[in-house]
Amino acid sequence: GQTGKLMYVMHNSEYPLSCFALFENGPCLIADANFDTLMVKLKGFFQNAKANKIESRGTRYQYCDFLVKVGTVTMGPSARGISVEVEYCPCVIANDCWNLLMEFMQSFMGNHTPGIPSVFGTKHDSIYSPADTMVQYMELFNKIRKQQQVPVAGIR
Amino acid sequence: LVSGVRGPPPSPFVLRARRSMDKSGMPWHLRYLGQPEIGDKNRHALVRNCVDIATSDNLTDFLVEMGFRMDHEFVAKGHVFRKGIMKIVVYKIFRILMPGNTESIEPLSLSYLVELNVVAPAGQDVVSDDMRNFAEQLKPLVHLEKIDPKRLM
């Protein structure tokens with residue numbers, strides 16, 4: 001594009017029939033799986049960001065009303081980190097259950113417990129949507145992309 | 001409500017966005033229609049490649065973010081009939097007087113437009129014969145003709 005905006009196309013196995021397309025600080029479109037077909041048609045429009053595909057793959061745990069997904073984040077053949085997703089299923093208003101979520105996370109994450117996600121910024125009382133999850137993954141993946149890979153020293 | 005969006009120049013990439021005005025909460029519909037297929041002259045109907053996508057309701061914001069600009073929009077009011085996989089739409093086209101305001105509209109003409117279309121898997125050309133046969137049954141009430149897009153451009 002003209003201004004060099006980045007558009008992320010993401011998939012989530014929790015929502016197998018959907019495709020998420022988002023712009024940083026921009027709208028997140030939720031579409032059905034045919035969106036990928038459309039992107040193939042639109043190939044000429046975009047410069048495909050060089051092999052930047054990143055994914056997190058792991059196990060999904062259900063603990064009472066909580067869902068915990070722990071995954072290894074990989075970019076191509078190399079592992080870059082670990083992602084932990086925690087969801088409190090009965091509640092759809094972020095503000096109403098943040099404290100509970102934090103308490104739950106502290107019980108197994110200790111010091112690694114994160115602060116409130118920025119996606120809730122000003123809209124504390126709006127209804128949670130899968131798009132909010134994808135925005136958080138996008139931010140996490142971008143953070144991992146920017147991380148310097150630890151060089152492996154070798155001797156010839 | 002239907003709006004066509006044109007891609008950033010130089011390419012005339014057209015996407016159509018559509019939403020229901022009388023049913024709230026329904027997904028928006030995004031459609032891509034390709035160029036008419038070659039070998040079209042012998043077929044009774046216009047055949048084009050088609051990709052249909054259901055989306056969330058922030059579709060227009062998203063398309064603008066992608067670099068698309070709205071080309072035209074209109075309101076269609078009418079009826080949809082089905083016969084097997086054939087869809088017949090009888091509708092009146094309304095011009096929108098103020099962009100984005102669907103309350104103030106005026107009909108483009110007094111007549112209804114009758115459109116017969118089918119979405120079928122690739123290669124099923126025999127479908128156009130079924131369409132022609134059905135079109136014959138509507139005569140002399142309505143004369144359905146194959147659309148020649150070049151004439152409309």
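1. Leaving aside its neighbours within four places in sequence, which residues is A:Ser83 in contact with? That is a friendly way into this structure, which is a predicted model. A:Ser83 is in contact with A:Ser56, A:Lys69, A:Val70, A:Gly71, A:Val73, A:Tyr137 and A:Leu140, once neighbours within four places in sequence are set aside. To find A:Ser83 on screen, look in strand E6 of chain A, which covers residues 78-88.

2. Let us stay with A:Ser83 for a moment. Its relative accessible area is 2%, and the cut-off for a buried residue is under 20%, so A:Ser83 counts as buried. One of its listed partners, A:Ser56, is also joined to A:Ser83 through a polar contact between the two side chains, at 2.8 Å.

3. Another partner of A:Ser83 is A:Lys69, and this lysine deserves a look of its own. A:Lys69 is found in strand E5 of chain A, residues 66-75. Is A:Lys69 buried or exposed? Its relative accessibility is 13%, so A:Lys69 counts as buried.

4. What does the side chain of A:Lys69 make a polar contact with? The partner is the side chain of A:Glu14, at 2.7 Å. Beyond neighbours within four places in sequence, the contacts of A:Lys69 take in A:Glu14 along with A:Thr59, A:Arg60, A:Ser83, A:Val84 and A:Glu85. A:Ser83 thus appears in the contact list of A:Lys69, just as A:Lys69 appears in that of A:Ser83.

5. Now step back to chain A as a whole. It has three helices and six strands, and along the sequence they follow the pattern β-β-β-α-β-β-β-α-α. Of its 156 residues, 33% are buried. If you take the contacts in chain A between residues at least 6 apart in sequence, 37% of them join residues at least 24 apart. Chain A exposes about 10,400 Å², with carbon and sulfur atoms supplying 54% of that area.

6. Chain B can be read in the same manner. Its secondary structure comes to three helices and eight strands, laid out along the sequence as β-β-β-β-α-β-β-β-β-α-α. Chain B has 153 residues, and 33% of them count as buried. Among its contacts between residues at least 6 apart in sequence, 45% join residues at least 24 apart. The accessible surface of chain B is about 10,200 Å², and 55% of it belongs to carbon and sulfur atoms.

7. Two residues of chain B are handy landmarks when you rotate the model. B:His143 sits in the loop between helix H2 (126-138) and helix H3 (149-152). With a relative accessible area of 55%, B:His143 is exposed. Its C-alpha atom is separated by 34 Å from that of B:Asn101, although their positions lie 42 residues apart along the chain as a separation in sequence.

8. The other landmark is B:Lys150, placed in helix H3 of chain B. B:Lys150 counts as exposed, at 71% relative accessibility. B:Lys150 and B:Pro36 are 114 residues apart along the chain, and their C-alpha atoms are separated by 9.9 Å.

9. Next comes the place where the two chains meet. How many residues does each chain give to the contact? Chain B gives 21 residues and chain A gives 20 residues. The area buried between them is about 1,800 Å², and carbon and sulfur atoms give 72% of it. On the side of chain B, B:Phe62, B:Glu65 and B:Met66 lose the most area to chain A, together 36% of what that side buries.

10. What kinds of polar pairing turn up across this interface? The rule finds zero salt bridges between chain B and chain A. Four residue pairs in polar contact are counted between the two chains, with both residues at pLDDT 80 or more.

11. Finally, which elements of chain B each supply at least two residues of the side that touches chain A? They are strand E3 (28-36), strand E4 (48-55) and helix H1 (59-66). E4(B) gives the most to that side, with six residues. By type, the residues of chain B that touch chain A divide into twelve nonpolar, six polar and three charged.

Terms used:
Residues are numbered from 1 along each chain as its sequence is written. Chains are lettered from A and ligands numbered from 1 in the order in which they are written. This is a predicted model: local features need pLDDT of at least 70, side-chain atom pairs count only at pLDDT 80 or more; totals for chains, interfaces and linings use all residues. Side-chain values use heavy atoms; hydrogens and water are left out. Contact means heavy atoms within 4.5 Å. Buried area is the accessible area (1.4 Å probe) that two parts lose on being put together, summed over both. A salt bridge is a side-chain nitrogen of Lys or Arg within 4 Å of a carboxyl oxygen of Asp or Glu. A polar contact is a pair of N or O atoms within 3.5 Å; within protein, one must be able to donate a hydrogen and the other to accept it, and residues adjacent in sequence count only if both atoms are side-chain atoms. Helices (H or I, at least four residues) and strands (E, at least two) are DSSP runs, numbered from the N terminus. Ala, Val, Leu, Ile, Met, Phe, Trp, Tyr, Cys and Pro count as nonpolar, Asp, Glu, Lys and Arg as charged, and the others, Gly among them, as polar. Buried means under 20% relative accessible area, exposed over 50%, partly exposed in between (1.4 Å probe, protein chains only). Accessible areas come from the Shrake-Rupley method with a 1.4 Å probe; for residues, only the protein chains shown count as cover.
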